[in-house]
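Open the model in your viewer and keep the selection panel at hand. We will go from one selection to the next, with a word on what to look for at each stop.

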Amino acid sequence: MTGELDQQNRLAYRLLGRFAEAADAVREARRKTEGEPGWLDTVIARVSLTMLRARHKGFQMPDPVVSREPNDEVGLGVLTALDALTPDERVAYVLHDIYQEPFEQVAPLIGRTPIGAVQVEARARQRVSNRPVSDVDLAGQREVVDAFVAGENVLDADVTLRSEDIWLRGQGMVASKAAVLQAAPCMEPAVVGGEAGLVSITDGKPVALVAFTVRERKIVAIHAITDREHVARLTHHRGGHPV
C-alpha cells in the first residue's frame, strides 16, 4: 500500500480511485488555496472533477489499499463501481454518501441546482448499491477464501469475476479462471480494500492481487489485478513477503 492516507489524500483517493492522481489533485488544490486552507476540500473536489472529466475512456482497474492488517478503506468492488459512474455522479455520491456533504454544497461543484444534485446522487447510489456486498466480517471472509485456496467449491452460482480484460458471470464461466488461482504455487493472505484477499507470488515477487466478496458462505464476486506493474505499485516487498 502507499501508507496511511491523510484527510485530503483520502478524499481525493475516493473521488479518483488512483493514488498518483489523488496526490496530483491534492498538490494542485494546495497550490490554488495557499493561505486559504478552509477551502482545501472544496478545491480538491473541483480539481478531481476536472480530472475525472478529462480521463480517457476504457476500463482500468483502480488502486485498492493493500495491507496485512485490517483496513477500512474503500473496497476494490466499490472502486470499480465508482469508476462506472459519470464524473458528476461520482463526485455527488462520494461527497454526499461518504462525507455527508449537504446537497446545497454539492450542487455548485457539479453545476446543478440542489434538486438536480439530488437526482444525480440518487442515480449514482442506485448503481453503486447494486454491487454485491460481503455479509460477514473479515474473519468470516477469510474462512471462505481459505476454503477456496484449499480447492473447495465455494463459488456462488452467480459469481462474477472482474479484472483488467475479463468480466465474467456465473460459476460455469468463472470456475476455470478461479482454478488458475487455486493452482498458483504461492498465495499470500492480504487485506485488499478492506476485504479478504490474496497476493500471488512468483519468483519472490507479487504478480497478482485478488479481492473476494463473500455472502452466505459463498464467494459472490472476485476482483483481480494481474498487471504486474500495477501490482508492484500497490505492494511493498519486505523480506520475501508482500505488503
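Start by selecting helix α9, residues 171-182, and colour its buried residues: Val174, Ala178 and Leu181. Look down the axis and you will see why they belong together: they span an arc of only 35 degrees, which puts them on the same side of α9. Now turn to the face pointing away from that buried side, where the exposed residues Gly172 and Val180 sit. Keep in mind throughout that this is a predicted model.

What do the buried residues of α9 pack against? Show helix α8 (138-149) together with strands β2, β3, β4 (187-192), β6 (205-215) and β7, and you have their packing partners.

**The strands beside α9**

Next, select β2, residues 155-162, and β7, residues 218-225. These two strands run parallel and are paired over 4 bridges. To find one of the bridges, pick Leu155, whose partner in β7 is Ile219.

Stay with β2 and add β3, residues 167-169. In which sense do β2 and β3 pair, parallel or antiparallel? Here the pairing is antiparallel, over 3 bridges. Arg162 has Trp167 as its bridge partner in β3, and a hairpin of 4 residues links β2 to β3.

**Into the cores**

Now hide the cartoon and show side chains. The largest nonpolar core has 50 residues, and the members that touch the most others are Ile110 and Leu209. Helix α3, residues 40-54, gives this core its largest share, with 7 residues. There is also a second, separate core of 21 residues, with Phe148, Val159, Met187 and Val214 among them.

Centre the view on Leu209. Leaving aside residues up to four places away in sequence, Leu209 touches Val66, Val192, Leu198, Val199, His223, Ala224, Ile225, Val231, Leu234 and Thr235.

**Two single residues**

Select Ser200 in strand β5, residues 195-202. Is Ser200 buried or exposed? With a relative accessible area of 9%, Ser200 is buried, because the cut-off for burial is under 20%. Its contacts, again not counting residues up to four places away in sequence, are Ala184, Cys186, Met187, Lys205, Pro206, Val207 and Ala208.

Then jump to Phe19, which lies in helix α2, residues 19-32. Phe19 also counts as buried, at 11% relative accessibility. If you like, draw a distance from the C-alpha atom of Phe19 to that of Val106: the two are 87 residues apart along the chain and 23 Å apart in space.

**Zooming out**

Finally, bring the cartoon back and fit the whole protein chain in the window. You should be looking at 10 helices and 9 strands. The radius of gyration is 19 Å, close to the 18 Å that the globule rule gives for 243 residues, so the chain is as compact as a globular protein of that length. Along the principal axes, the C-alpha atoms fill a box of roughly 55 × 40 × 30 Å.

Colour by burial and 50% of the 243 residues will light up as buried. Switch to the surface, and about 12,000 Å² is exposed, with carbon and sulfur atoms supplying 51% of it. One last view is a contact map: among contacts with a separation of 6 or more, 60% join residues 24 or more positions apart.

Notes. Residues are numbered from 1 along each chain as its sequence is written. This is a predicted model: local features need pLDDT of at least 70, side-chain atom pairs count only at pLDDT 80 or more; totals for chains, interfaces and linings use all residues. Side-chain values use heavy atoms; hydrogens and water are left out. Two strands pair if DSSP finds at least two bridges between them. A nonpolar core is a set of buried Ala, Val, Leu, Ile, Met, Phe, Trp, Tyr and Cys residues joined through side-chain atoms within 4.5 Å. Buried means under 20% relative accessible area, exposed over 50%, partly exposed in between (1.4 Å probe, protein chains only). Contact means heavy atoms within 4.5 Å. The radius of gyration is taken over C-alpha atoms; the globule rule is 2.2 Å times the number of residues to the power 0.38. Accessible areas come from the Shrake-Rupley method with a 1.4 Å probe; for residues, only the protein chains shown count as cover. The arc is that of the directions from the helix axis to the C-beta atoms.
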